[in-house]
Amino acid sequence: MSSDTTTSQGCAPKVQPSEIDVLVARCQYETFVVPSTNTTLVAAVLDDFVLAVGQAHCVSKENFDADIGYKYAREDAERRARDKLWELKGWELKQRIRGEL
């Protein structure tokens, strides 16, 4: 018996990865370097709503590079935003199935 879920023939409604991809592509990213630290924060914003905040830290001030901090914090923000969108779209689908939306 295979545990590969991609071969499942289920017919129940489900959230499609393409739905999440479209929403992630619409996200805007706002950056903030915390003063007097080696920390970069990036907020993933969708339609004026902050979905997630990613962060990156550098141990040594001498090694701090804002561009590298942005790269890693943005990747973290996008991953967290994607996870949050799966949660929200799953909740929305559950409510639709129940007839509550």
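Reader: Buried or exposed: which is T39, and at what relative accessible area?
Author: This is a predicted model, so keep the filters in mind: local features need pLDDT of at least 70, side-chain atom pairs count only at pLDDT 80 or more, and totals for chains, interfaces and linings use all residues. Residues are numbered from 1 along each chain as its sequence is written, and side-chain values use heavy atoms, leaving out hydrogens and water. Buried means under 20% relative accessible area, exposed over 50% and partly exposed in between (1.4 Å probe, protein chains only). T39 is therefore buried, with a relative accessible area of 15%.

Reader: Which side chain makes a polar contact with the side chain of T39?
Author: T39 lies in strand β2; strands (E, at least two residues) and helices (H or I, at least four) are DSSP runs, numbered from the N terminus. A polar contact is a pair of N or O atoms within 3.5 Å; within protein, one must be able to donate a hydrogen and the other to accept it, and residues adjacent in sequence count only if both atoms are side-chain atoms. At 3.0 Å, the partner of T39 is the side chain of H57.

Reader: And which residues is T39 in contact with, leaving aside its neighbours within four places in sequence?
Author: Contact here means heavy atoms within 4.5 Å. With those sequence neighbours left out, the residues touching T39 are F32, V33, V34, A56, H57 and F64.

Reader: On to helix α2: how far does the helix reach from its first C-alpha to its last?
Author: Helix α2 covers residues 66–98, which makes 33 residues. The expected span is 1.5 Å times one less than the number of residues, and for α2 that comes to 48 Å. The model is close to that, at 47 Å.

Reader: What happens at the start of α2, and which residue takes a positive phi just after α2?
Author: At the start, a side-chain oxygen of D65 reaches to within 2.9 Å of the backbone nitrogen of D67. Just after the helix, a positive phi of about 80° turns up at G99.

Reader: Which elements help cover the buried residues of α2?
Author: The buried residues of α2 are G69, A73, D76, A77, A81, L85, L93 and Q95. What covers them includes α1 (17–26), β1 (28–33), β2 (39–46) and β3 (49–57).

Reader: What about R74 in α2: which residues is R74 in contact with, beyond its neighbours within four places?
Author: R74 has its place in helix α2 and counts as partly exposed because its relative accessibility is 27%. Its C-alpha is 17 Å from that of V22, 52 residues away along the chain. Aside from sequence neighbours, R74 is in contact with Y29 and V42.

Reader: How far apart are the closest N and O atoms in the salt bridge of E78 with R82?
Author: A salt bridge is a side-chain nitrogen of Lys or Arg within 4 Å of a carboxyl oxygen of Asp or Glu, and the structure holds twelve of them. E78 and R82 are four residues apart in α2, so about one helical turn separates them. E78 is partly exposed at 25%, and R82 is partly exposed at 26%. Their closest N and O atoms are apart by 3.9 Å.

Reader: Which residues are linked with E92 and R96 in a network of salt bridges?
Author: R96 and E92 sit four residues apart in α2, so about one helical turn lies between them. Their side chains meet in a salt bridge at 3.3 Å, N to O. R96 is partly exposed at 48%, and E92 is partly exposed at 22%. Linked with this pair in a network are E19 and K89.

Reader: Which elements do the buried residues of α1 pack against?
Author: In α1, I20, L23 and V24 are buried. They cover an arc of only 100° around the axis (taken from the directions from the helix axis to the C-beta atoms), so they lie on the same side of α1. On the other side, V22 and A25 are exposed. The buried set packs against β1, β2 and α2.

Reader: Which element gives the most to the largest nonpolar core?
Author: A nonpolar core is a set of buried Ala, Val, Leu, Ile, Met, Phe, Trp, Tyr and Cys residues joined through side-chain atoms within 4.5 Å. The largest has 17 residues, and those with the most contacts inside it are Y29, L46, L51 and L85. At least two residues each come from α1, β2, β3 and α2. With five residues, the element that gives the most is α2.
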